[in-house]
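Reader: I have the sequence and the model open and would like to go through them by question and answer. Please give the reasoning before each result.

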Amino acid sequence: MLYFIGLGLSINHLTLEAIDALRNADKVYIDTYTNIVPDFSLDKLVGLVGEEKEFVMAKRELLEGKNIYYIVEEASKKNIAILVPGDPFIATTHDAIRVEALRRGVKIRVVNGLSIYSLAPSRTGLQAYRFGKTVTLVYPDYFKPYSTIETIYDNLDRNLHTLLLLDLKIEENKAMTIPEAIDILIELDERRVLENIIGVGLAQLGSSMEKIVADRLADLKKYAYPSPPHSIIIVAKPHPVELDNLYYVCGLPEHLYRRYSVSKTYP
Ligand SMILES: C[S@@+](CC[C@H](N)C(=O)[O-])C[C@H]1O[C@@H](n2cnc3c(N)ncnc32)[C@H](O)[C@@H]1O
């Protein structure tokens, strides 16, 4: 059996179903590269699921490429678990392992986990059905990420919010921060609309250090955030209830709350 288990965004998000599946596993691969879970502790995990099994802190190379065949082979003989931050199949590359297991006739089980995709709308009060395509902003090391800006423009043109995930290169010790992302966005913004639009900065969502702040996108740079993971929501024209949530839940400054309570134009 091959288990794909979501950890959630904090070790405290592990569900009873996840703990049960982990207890059944002979070997647990812990995905260490698709996200950062700041409060993750192997000792705490072992305490919850028992130590009589093998734990492997897995880098990208262990869960991708030809190693997929090795893991599926193992899972044809033993109970193997892959523990993934967030939800195991949201914004990860683990589908290739699932498909290979099913192709080989190896049984699989998916245990879902709390994801940035559900916490972002839920924690901010922005309505889930008003989000357009999610996009990741990558470091402009090799090319400028114009396609990311195009996606944000497309969403704004359809009056939809954008959940912007920020680049993680964990194996290079790099994780994009909200201020870094804003510099990149403003530099690439040919329409010159983004700096005045409302943005919501999300840092370590779901952990005890969680920070959520709403302001003009350009002004999100002036806040202090705990270390990554960070994301940003680019907010389309907010509905009245969303505007209330931006003010009361996310700390939108009062002058912006008042302005958008009466203004017909946005931003
Ligand atoms: C590749 S995605 C993986 C998503 C994960 N599988 C899930 O279901 O949440 C990782 C990106 O999600 C965002 N993210 C993940 N956890 C977060 C958190 N706790 N707070 C803010 N952003 C987060 C960051 O932008 C990070 O770079």
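Reader: On the other side of H4 from its buried residues, which residues are exposed?

Author: This is a predicted model, and in it helix H4 covers residues 67-75. A residue counts as exposed if 12 or fewer other C-beta atoms lie within 10 Å of its own. On the other side of H4, the exposed residues are Tyr 69 and Tyr 70.

Reader: Where on the helix do the buried residues of H4 lie?

Author: The buried residues of H4 are Ile 71, Val 72 and Ala 75. Seen down the axis of H4, they fall within an arc of 100°, so they line one face of the helix. An α-helix has 3.6 residues a turn, so residues three or four places apart point the same way. The buried residues of H4 thus lie on one face of the helix.

Reader: What do the buried residues of H4 pack against?

Author: Ile 71, Val 72 and Ala 75 are the residues concerned. Their partners are two strands and a helix: strand E1 (2-8), strand E4 (80-85) and helix H5 (95-103).

Reader: Which elements do the buried residues of helix H1 pack against?

Author: In H1 (residues 16-24), the buried residues are Ala 18, Ala 21 and Leu 22. Viewed along the axis of H1, these fall within an arc of 100°, so they line one face of the helix. They pack against E1, strand E2 (27-31), helix H2 (42-49), E4 and strand E5 (108-111).

Reader: Which residues have the most contacts inside the largest nonpolar core, and where does that core lie?

Author: The largest nonpolar core has 72 residues, and those with the most contacts inside it are Ile 5 and Ala 81. Both domain 1 (2-111) and domain 2 (116-262) give residues to this core, so it lies between them. Leaving out residues up to four places away in sequence, Ile 5 touches residues including Ala 18, Ala 21, Leu 22 and Ala 81. The residues asked for are Ile 5 and Ala 81, and the core lies between domain 1 and domain 2.

Reader: Which residues come nearest to the ligand?

Author: The shell around the ligand draws at least three residues from each of domain 1 and domain 2. By class, this shell has 12 nonpolar, nine polar and one charged residues. Of the 22 residues around the ligand, those that come nearest are Gly 86, Ile 90, Ser 115, Leu 205 and Pro 229.

Reader: Which elements give two or more residues to that shell?

Author: The 22 residues around the ligand make up the shell. The elements that give two or more residues to it are strand E7 (162-166), strand E10 (198-203) and strand E12 (230-234).

Reader: Where does Pro 229 lie, and what is omega for the peptide bond from Pro 228?

Author: Pro 229 is in the loop between strand E11 (211-216) and E12. The peptide bond from Pro 228 to Pro 229 is cis, with omega near 20°.

Reader: What is omega for the bond that joins Tyr 266 and Pro 267?

Author: Pro 267 is found in the segment after helix H10 (254-262). The peptide bond joining Tyr 266 and Pro 267 is cis, and its omega is about 0°.

Reader: Is Asn 159 buried or exposed?

Author: Asn 159 is in the loop between helix H7 (146-157) and E7. Its phi is near 60°, a positive value in a residue other than glycine. With 12 other C-beta atoms within 10 Å, Asn 159 is exposed.

Key. Residues are numbered from 1 along each chain as its sequence is written. This is a predicted model: local features need pLDDT of at least 70, side-chain atom pairs count only at pLDDT 80 or more; totals for chains, interfaces and linings use all residues. A nonpolar core is a set of buried Ala, Val, Leu, Ile, Met, Phe, Trp, Tyr and Cys residues joined through C-beta atoms within 7 Å. A residue is buried if 20 or more other C-beta atoms lie within 10 Å of its own, exposed if 12 or fewer, and partly exposed in between; C-beta atoms are placed from the backbone. Domain bounds come from an automatic or database domain assignment. Two residues are in contact if their C-beta atoms, placed from the backbone, lie within 7 Å. A residue is near a molecule or strand if its C-beta atom, placed from the backbone, lies within 6 Å of it. Helices (H or I, at least four residues) and strands (E, at least two) are DSSP runs, numbered from the N terminus. Ala, Val, Leu, Ile, Met, Phe, Trp, Tyr, Cys and Pro count as nonpolar, Asp, Glu, Lys and Arg as charged, and the others, Gly among them, as polar. The arc is that of the directions from the helix axis to the C-beta atoms.
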